[in-house]
Amino acid sequence: MNKKGFKIYYLLLCEGTTEFNLFAYLTRVKYRELFDKSNIKFSDKIQVVEAGVSQGKLNGAGHIAHFQGKYDAIKKKYAGQKLFFVMDKDLDDSSKIEAVILAGGDIVQFLVCSSEHLLLKLGGKNPKNPSDFNNLSDFRDYCKAEFLKQFGKGAPRFKDADFELIFAKLSDEDIRATFIELFATLKN
C-alpha cells in the first residue's frame, strides 16, 4: 500500500488527553507501518490560545456553543486546512457538534459512547450503557469511576502498554469497524 504522489494533511483535534493518547497509539504504534506507508499525515501542532486549544487538544467541548467558539477560531486561524476530530459521543450536543464539523467539510471519529466506555467494552469489562441512566452526566460519571475501578487508573493516564493489553485481544476487522472514519482516511 505504498502510495506515491501528494500527501494529504489533516490537522488533528482531540477532545482531551485520553482521545489524543488513543489516537497516537493506533496511528503511531499499533498501525504505525500502515499509516507511515500511506499518503495521510496528521499534525497535532494546533495552537489557538484564545480558544484554549493546545497541541491538538480541544481541552473540552461540552456543549455546542463552547465547541462552536473553538471550531470557529480554529477554522479562522487554519483557513483551508482539513480538520480531523476525535471526540466522545456522550455529549448532550454530539449530534449538533457532528453537524458543524461535517458542514465545515471536516471529519469526526466519534468514540462510542465515550473513551472510557469504549475501552471498558473492548477490554471485556461489560460496562453499563447510557440507557441505564437518567442523563448523560450520570453516565459519564459512572464510566470514569468504573474505568478507575477496573483498570486502577484514570483513562488520561493510559499509555501504549495499557492500550496494547486491550487491543491485542481484538481482530483487525473489529478495530477497523470501531474506528471507521480513521481508517477511511487511508483510502484517500
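**A guided reading of the predicted chain**

N59 sits in the loop that runs between strand β4 (53–54) and helix α3 (64–77), where helices (H or I, at least four residues) and strands (E, at least two) are DSSP runs numbered from the N terminus. The model is predicted, so local features need pLDDT of at least 70 and side-chain atom pairs count only at pLDDT 80 or more, while totals for chains, interfaces and linings use all residues. Residues are numbered from 1 along each chain as its sequence is written, and side-chain values use heavy atoms, with hydrogens and water left out.

N59 has a phi near 55°, a positive value in a residue other than glycine. With a relative accessibility of 43%, N59 counts as partly exposed, on a scale where buried means under 20% relative accessible area, exposed means over 50%, and partly exposed lies in between (1.4 Å probe, protein chains only). A second asparagine, N126, has a positive phi of about 50° although it is not a glycine; N126 is found in the loop between α5 and α6, and with a relative accessible area of 70% it is exposed.

The chain as a whole gives these details their setting. The protein chain has 9 helices and 6 strands, and its radius of gyration is 16 Å, close to the 16 Å that the globule rule gives for 188 residues, so the chain is as compact as a globular protein of that length; the radius is taken over C-alpha atoms, and the rule is 2.2 Å times the number of residues to the power 0.38. Along its principal axes the C-alpha trace spans about 45 × 40 × 25 Å, and 48% of the 188 residues count as buried. Among contacts (heavy atoms within 4.5 Å) between residues at least 6 apart in sequence, 68% join residues at least 24 apart.

Helix α5 (residues 115–122) has 7 of its 8 residues buried, so this helix is largely enclosed by the rest of the structure. The buried residues of α5 are S115, E116, H117, L118, L119, L120 and L122, and they pack against α1 (17–30), β5 (82–88), β6 (107–111), α6 (136–151), α7 (160–167) and α8 (172–178). The helix is followed by G124, whose phi is positive, near 75°. On the other side of α5, C113 lies in the loop between β6 and α5, and a cis peptide bond with omega of about -5° joins V112 and C113.

Which residues, then, do the cysteine sulfurs lie beside, and how many disulfides are there? A disulfide is a pair of cysteine sulfur atoms within 2.5 Å, and by this rule the count comes to 0. C14 is in no disulfide, and the nearest cysteine sulfur, that of C113, is 18 Å away; C14 is buried, with a relative accessible area of 0%. The sulfur of C143 is 7.2 Å from the closest cysteine sulfur, in C113, which is too far for a bond, and C143 is buried as well, with a relative accessible area of 1%.

Helix α6 also contains S137, which counts as partly exposed at 35% relative accessibility. The C-alpha atoms of S137 and L91 are separated by 8.5 Å, although these residues are 46 apart along the chain.
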